[in-house]
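Biologist: I'm new to this one and would like a close look at a single part of it. Could you walk me through the spaces inside the fold, starting with the enclosed one?

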Amino acid sequence: MQLILIHDDRTGRLQAAHGWLRHCFGPPGPYRLLDPVSQLVMGLIGGRTRGAVSAAAFMRLRQRFACWESLRDAPVAEILPLIAGVSFAEVKAPRLPAALRMVTARRGALTLDFLAGWPDGAALDWLERLPGVGRKTAATVLNFSTLRKPVLVIDTHHLRVIRRLGLVGPRAGIAEAHDCLTPLLPSGWGAAEIDDHHQLVKTLGQRFCRPSRPACPACPLRALCLQGVPRRR
Ligand code: SF4
């Protein structure tokens with residue numbers, strides 16, 4: 001019987017893309033890590049909203065509520081005006097305290113620190129059972145917070161780029177793309193390198209690989225891209 005080793009060249013392309021982007025944009029960071037519950041709150045209000053808008057809403061919540069237990073116990077009518085600028089605020093306002101109540105009900109206290117000792121997949125599953133928490137928000141809680149676990153975050157900018165690069169299928173959603181890319185990440189990367197990778201790809205998506213009319217001629221990854229480089233006849 002012959003052992004056949006299959007090399008998935010997407011790992012090499014992912015590493016090459018990372019290196020080029022780091023060369024072009026410089027090293028990302030420094031990072032300001034929130035505690036996990038604060039990162040959950042940030043993630044719950046941040047979906048489909050510009051970072052500056054969600055950060056301002058987060059600060060208003062912090063100023064109004066002395067602790068996240070107070071937000072958990074607050075009426076929706078008090079929360080809604082504080083996050084009024086974010087997308088789908090009417091949906092997010094009730095989900096915020098609902099998610100915090102569910103954490104409390106499942107763990108007996110409003111804390112996510114216990115996830116530090118959990119396997120990454122189990123921690124993602126646990127978080128994704130909270131109201132309003134999908135793969136992106138769950139991954140941010142694990143990677144962007146002081147938990148600092150080696151979990152890849154994929155947002156809409158990141159997803160658009162990796163679809164066009166051909167690293168995931170053209171119709172892959174965030175959870176599918178996450179499952180597809182995670183095994184391709186270099187084994188030596190820790191949480192900080194994985195965070196760097198997300199920030200670099202996201203920056204490319206914002207500056208070059210825009211939703212419409214991507215700036216392919218100027219894109220630093222055009223040589224690696226399946227969609228942006230016209231095929232030769
Ligand atoms: S070459 Fe074009 S489509 Fe490809 S990653 Fe760059 S901007 Fe996006």
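Which residues line the largest cavity?

Modeller: Happy to, and keep in mind as we go that this is a predicted model. The lining of the largest cavity is made up of Leu14, Ala17, Leu21, His158, Ile162, Leu165, Leu167, Leu181, His197, Val201 and Leu221. Three elements each give two or more residues to that lining: helix 1 (9–25), helix 9 (156–165) and helix 11 (191–207). Sort the lining residues by class and you get 9 nonpolar, 2 polar and no charged. As for volume, the largest cavity has about 40 Å³, and the count of cavities of 30 Å³ or more comes to 1.

Now for the open space. The largest pocket has a volume of about 1,600 Å³. Its lining takes in 50 residues, and those nearest the centre of the pocket are Gly46, Thr49, Ser54, Lys136 and Lys202. Helix 2, helix 3 (51–64), helix 6 (89–107), helix 8, helix 9 and helix 11 each give two or more residues to this pocket's lining. Helix 11 gives the most, with 8 residues. By class, the pocket lining has 20 nonpolar, 19 polar and 11 charged residues. So that you can compare, the cavity lining has no charged residues.

Two of those pocket helices are worth a look as a pair. The axes of helix 2 (residues 36–46) and helix 8 (residues 135–143) come within 9 Å and cross at roughly 150°. An angle over 145 degrees counts as roughly antiparallel, which means helix 2 is roughly antiparallel to helix 8. The crossing of these two helices is right-handed.

The loops beside them have some backbone details to find. In the loop between helix 1 and helix 2 sits proline 30, and the peptide bond leading to proline 30 from glycine 29 is cis, with omega near 5°. In the loop between helix 8 and helix 9 you'll find arginine 148, a residue other than glycine with a positive phi, near 45°. For context, most residues other than glycine have a negative phi, and most peptide bonds are trans.

Last stop, the ligand. Around the ligand are Arg164, Phe208, Cys209, Pro214, Cys216, Cys219, Arg222, Cys225 and Gly228. That shell divides into 6 nonpolar, 1 polar and 2 charged residues.

Definitions and conventions
Residues are numbered from 1 along each chain as its sequence is written. This is a predicted model: local features need pLDDT of at least 70, side-chain atom pairs count only at pLDDT 80 or more; totals for chains, interfaces and linings use all residues. Side-chain values use heavy atoms; hydrogens and water are left out. A residue is near a molecule or strand if one of its heavy atoms lies within 4 Å of it. Ala, Val, Leu, Ile, Met, Phe, Trp, Tyr, Cys and Pro count as nonpolar, Asp, Glu, Lys and Arg as charged, and the others, Gly among them, as polar. On a 1 Å grid over the protein atoms alone, a cavity is a set of points where a 1.4 Å probe fits but cannot get out, and a pocket is an open set with protein on both sides within 12 Å along at least five of seven lines; lining residues have an atom within 4 Å of a point. Grid points are joined across faces, edges and corners, and a volume is the space filled by probe spheres set on the points. Helices (H or I, at least four residues) and strands (E, at least two) are DSSP runs, numbered from the N terminus. Axes are lines fitted to C-alpha atoms, for helices over the stretch in contact, and angles run from 0 to 180 degrees between N-to-C directions. Angles under 35 degrees count as roughly parallel, over 145 as roughly antiparallel, 65 to 115 as roughly perpendicular and the rest as oblique. A crossing is left-handed if the near helix is turned anticlockwise from the far one by less than a right angle, and right-handed if clockwise.
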